[in-house]
Amino acid sequence: MTHDDAAVLRDRVMQGLARNRRPGLHFPGHFMALDRRQFDRDAVVLALPMGPHIADAQGVIGLPAVSLLVDVTLATSMRPFLAPGVRTATVSMQIVFTGLAPVGELVCEAQCLGFSTESALPQAVCRGVLKSSQGVVCYCSGTFVQLATPPGVTLAPTAWEVDTSGEAPSIEGTPLSEAERQVLRHTERVLRSLGAGERFVDRFWGGEARPGDGIVRSRMAIGPHANNRVGNSQGGLMMAYAASTAAAVVPRHSVLESISAWFISPGVGKQLRAVGEALQQGRSLAVVRTQLFAPGRKRVLEVITNHGAPRERASA
């Protein structure tokens, strides 16, 4: 990586931190510069501009950015039916990929289909589609709930519910919070370890995998660079981390076909630990179960991924 490349990535992080001083979203969303295109009860549409902070040299956007965009758009589709600024949480989410590479600007459109009626905590049922200029990249769905705001946390209306137009003032030369300093320290660690051809976003929001006997274990640092509005690890990023761990379990099946995730408890602490194990490996298809744990072996996420062998390797 050249000095100029590193400077561009640092600048993207600083822009995200500057936007994050405005209440209503979280650093990951601001870092990706998510853009509201529509926000009403008919649909929510959010766009993700392409840039070197999330794409490789061929312009293919990394899975963490794709998964985060899907999660945020699906969850936001229930907000036109709720009071502004309330806390929401993901219960389950599914992404099914078409095989089309996520290249260029990505646009995700989602609708809230309604709420369950028989449970004490109603669940919103949402569905969506993610497209590039070339066509559909993936289909997605999920269930979401409204939760009470944690004690000591004040939530403003989200960035989608208010006017956030205009560029945020630069934070260069201003005092930084401890959370902002943590993000910058993490950025420097990633830049020092980034290998040739690696996507910054995959390392920024990823972990190191350690293969075992049919099992892959990995760890991912979490903190302000990967947290949501209430300080827990962002759900879409956790899904992508689980899927990347699963991919290391079945390297011959390198085509990620689908991800299904069930959210069990918040991702808290300084790091998450993932354990991936193949449930089935055939010539053409593989299925992997990946579990995410917070410190103390507290289970955070259960994920099932479906993987395909590349076309040249698959037999009929």
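A residue is called buried when its relative accessible area is under 20%, exposed when that area is over 50%, and partly exposed in between, with a 1.4 Å probe and protein chains only. The model treated here is predicted, so local features need pLDDT of at least 70 and side-chain atom pairs count only at pLDDT 80 or more, whereas totals for chains, interfaces and linings use all residues. Residues are numbered from 1 along each chain as its sequence is written, and side-chain values use heavy atoms, with hydrogens and water left out.

**Exercise 1.** Classify the ring pair of Phe31 and Phe204, and state which helices hold the two residues.

*Solution.* Rings of Phe, Tyr and Trp (its six-membered ring) pair if their centres lie within 6.5 Å, and planes under 30 degrees apart count as stacked, over 60 as edge-to-face and the rest as tilted. The structure holds 8 aromatic pairs. One of them joins Phe31 and Phe204, whose centres are 5.3 Å apart and whose planes meet at 35°, which makes the pair tilted. Because Phe31 lies in helix H2 (residues 27-31) and Phe204 in helix H5 (residues 200-204), this pair ties together parts that are 173 residues apart in sequence; helices here are DSSP runs (H or I, at least four residues) and strands are runs of E (at least two), numbered from the N terminus.

**Exercise 2.** Determine how the rings of Phe200 and Phe204 are arranged, and whether Phe200 is buried or exposed.

*Solution.* The ring centres of Phe200 and Phe204 are 5.0 Å apart and the planes stand at 25°, so this pair is stacked. The two residues are 4 apart in helix H5, and are therefore separated by about one helical turn. Phe200 has 2% relative accessibility and so counts as buried, and Phe204, at 1%, counts as buried too. Ring pairs link Phe27, Phe31, Phe200, Phe204 and Trp205 into a cluster.

**Exercise 3.** Find which residues of H4 are buried, and what they pack against.

*Solution.* The buried residues of H4 are Glu180, Val183, His186, Thr187, Val190 and Leu191. They cover an arc of only 135° around the axis (taken from the directions from the helix axis to the C-beta atoms), which puts them on the same side of H4. These buried residues pack against helix H1 (3-20), H2 and H5.

**Exercise 4.** Describe the surroundings of Val287, which is found in strand S11 (residues 285-294).

*Solution.* With a relative accessible area of 22%, Val287 is partly exposed. Leaving aside neighbours within four places in sequence, Val287 is in contact (heavy atoms within 4.5 Å) with residues including Glu277, Leu279 and Ile304.
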